[in-house]
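Trainee: Before I take this structure to the bench, I would like to go through the words used to describe it and ask what stands behind each of them.

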Amino acid sequence: MTGFTELPIRLRDSDRAALTTHFLSLDADDRRLRFGASLSDLAIRGLDERIDFDRDELFGIADDELRLVAVVHVAFYPAKAELGLSVLAGARDRGLGNALFSRAVMHLTNRGVREVFVHCLSQNGAMMHLARKNGMRVVQEGPETDAYLALPRPTQGSIFAEWAFDQNARFAHEFRRGARLAIDAMRAVTPVAAR
Ligand SMILES: CC(C)(COP(=O)(O)OP(=O)(O)OC[C@H]1O[C@@H](n2cnc3c(N)ncnc32)[C@H](O)[C@@H]1OP(=O)(O)O)[C@@H](O)C(=O)NCCC(=O)NCCS
C-alpha cells in the first residue's frame with residue numbers, strides 16, 4: 001500500500017470498475033461489517049451496477065497506484081441519508097474513515113439534509129468509535145446499532161468551503177494521476193537493469 005492524501009474525491013459513473021475492485025478487496029469479515037452479510041465475489045460484482053449515481057453520492061480516496069483504498073456511499077432517503085464506509089485493511093487507523101465521514105457530512109449539510117445515520121453491527125469497534133467521536137447519538141439494539149447525527153443548515157460559508165475542498169481534492173488527485181502516468185511511461189522505456 002502506497003501513500004495517499006486524506007482528500008476524498010467525488011466518484012463518478014466511470015469509477016464503477018474501481019469500486020468493484022475496492023469491494024472485492026474486503027475480506028469476508030469486512031464484507032459482513034460493511035454490507036451486513038459476507039457477500040460472495042459474484043454478489044460484489046453485481047453491486048456496482050446497482051449504484052445510482054444520479055440519486056446517491058460516493059466519495060473515495062485513492063493511493064499512489066490510483067487504487068481506491070477508502071470509499072463512502074451516501075444513500076439518500078426522504079429527509080435523511082445513510083452512510084456506508086469501507087477502508088482497506090492496510091490503510092486503516094490513519095484517519096481515512098474520519099475524512100470520509102466529514103466529507104459526507106459536508107455534502108449532506110449543503111444539500112439541506114437534516115439527519116444522517118450509520119447502521120452497523122454493535123461488535124464493530126472502529127465504527128462505534130468513529131460514531132461517538134463525531135458526536136453521533138448511538139442507539140444499540142442487541143447485535144445491531146444505529147447512530148444518528150443532526151445536521152446544521154447550510155450557509156454561504158459552508159457552500160464555498162465545499163467548493164474549495166472539491167477543487168483541492170480534484171487537483172491533488174489529478175496531480176497524482178499525472179505522476180503515475182509519467183512513472184509508468186518511464187518504466188516502459190527504461191531497460192529493466194537501469195530501474
Ligand atoms: C470502520 C472503518 C471504515 C474505519 O476506517 P479507518 O480509516 O480505520 O478510520 P479512522 O482511522 O478514521 O478511525 C478509526 C478509529 O477507530 C479506532 N479503532 C480501531 N479499531 C477499533 C476497535 N476495535 N475498537 C475501538 N476503536 C477502534 C482507531 O483507533 C481510530 O481512532 P482515533 O482516530 O480516535 O485514533 C474501517 O475499519 C472499515 O472499513 N471496516 C470494515 C467495514 C465497516 O465496518 N464499515 C462500517 C459499517 S458501514
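Mentor: What follows is a conversation about a predicted model, in which each term is set against its cut-off.

Trainee: How many helices and strands does the protein chain have, and what pattern do they follow along the sequence?

Mentor: The protein chain comes to six helices and seven strands, and read along the sequence they follow β-α-α-α-β-β-β-α-β-α-β-β-α.

Trainee: What makes the radius of gyration agree with that of a compact globule?

Mentor: A compact globule of 195 residues would have a radius of gyration near 16 Å, and the protein chain has 18 Å, which agrees. Along the principal axes, the C-alpha trace spans about 60 × 45 × 30 Å.

Trainee: What share of the residues is buried, and what share of the contacts joins residues far apart in sequence?

Mentor: Buried residues make up 40% of the 195 residues. Among contacts with a separation of 6 or more, 63% are between residues 24 or more positions apart. The accessible surface comes to about 10,700 Å², and carbon and sulfur atoms account for 55% of that area.

Trainee: How far apart are the mean positions of the positive and negative charges?

Mentor: The protein chain has 26 positive and 26 negative charges, and their mean positions are 3 Å apart.

Trainee: Why is the pair of Phe23 and Phe35 called edge-to-face?

Mentor: The count comes to five aromatic pairs. For Phe23 and Phe35 the ring centres are 5.3 Å apart, and a pair needs centres within 6.5 Å; the planes stand at 75°, and planes over 60 degrees apart count as edge-to-face, so the pair takes that name. The two rings link distant parts of the chain, with Phe23 in helix 1 (residues 16–24) and Phe35 in helix 2 (residues 28–35), 12 residues apart.

Trainee: Which of the words buried, partly exposed and exposed applies to Phe23, and which to Phe35?

Mentor: Phe23 has a relative accessible area of 4%, and because buried means under 20%, Phe23 is buried. Phe35 has 24%, which lies between the 20% and 50% cut-offs, so Phe35 is partly exposed. Elsewhere among the aromatic residues, Tyr77, Phe117 and Tyr148 form one cluster.

Trainee: Why is Pro8 called buried, and which residues does Pro8 touch?

Mentor: Pro8 lies in the segment before strand 1 (9–10), and with a relative accessible area of 0% against a limit of under 20%, Pro8 is therefore buried. Leaving aside residues up to four places away in sequence, Pro8 touches Phe59, Gly60, Ile61, Ala99, Leu100, Arg103, Phe165 and Ala169. Val69, found in strand 3, also has a relative accessible area of 0% and is buried; the C-alpha atoms of Val69 and Thr21 are separated by 9.8 Å, although the two residues are 48 apart along the chain.

Trainee: How do you know that Arg92 and Arg177 count as partly exposed?

Mentor: Arg92 has 33% relative accessibility and Arg177 has a relative accessible area of 36%, and because partly exposed covers the range between 20% and 50%, that word applies to Arg92 and to Arg177. Arg92 is placed in the loop between strand 4 (80–87) and helix 4 (96–110), and, residues up to four places away in sequence not being counted, Arg92 touches Leu26, Asp30 and Val87. Arg177 is in helix 6 (residues 156–189), where the C-alpha atoms of Arg177 and Asp63 are separated by 9.9 Å and the two residues are 114 apart along the chain.

Trainee: What makes the phi values of Leu66 and Ala79 worth noting?

Mentor: Most residues other than glycine have a negative phi. Leu66 is not a glycine, yet has a positive phi of about 65°, and Ala79, also not a glycine, has a positive phi of about 70°. Leu66 lies in the loop between strand 2 (57–62) and strand 3 (68–77), while Ala79 is found in the loop between strand 3 and strand 4.

Trainee: Which exposure word does each of these two residues take?

Mentor: Leu66, at 28% relative accessibility, counts as partly exposed, whereas Ala79 is at 67%, and because exposed means over 50%, Ala79 counts as exposed.

Methods. Residues are numbered from 1 along each chain as its sequence is written. This is a predicted model: local features need pLDDT of at least 70, side-chain atom pairs count only at pLDDT 80 or more; totals for chains, interfaces and linings use all residues. Side-chain values use heavy atoms; hydrogens and water are left out. Helices (H or I, at least four residues) and strands (E, at least two) are DSSP runs, numbered from the N terminus. The radius of gyration is taken over C-alpha atoms; the globule rule is 2.2 Å times the number of residues to the power 0.38. Buried means under 20% relative accessible area, exposed over 50%, partly exposed in between (1.4 Å probe, protein chains only). Contact means heavy atoms within 4.5 Å. Accessible areas come from the Shrake-Rupley method with a 1.4 Å probe; for residues, only the protein chains shown count as cover. Lys and Arg count as positive and Asp and Glu as negative; His and the chain ends are not counted. The place of a charge is taken as NZ of Lys, CZ of Arg, CG of Asp or CD of Glu. Rings of Phe, Tyr and Trp (its six-membered ring) pair if their centres lie within 6.5 Å; planes under 30 degrees apart count as stacked, over 60 as edge-to-face and the rest as tilted.
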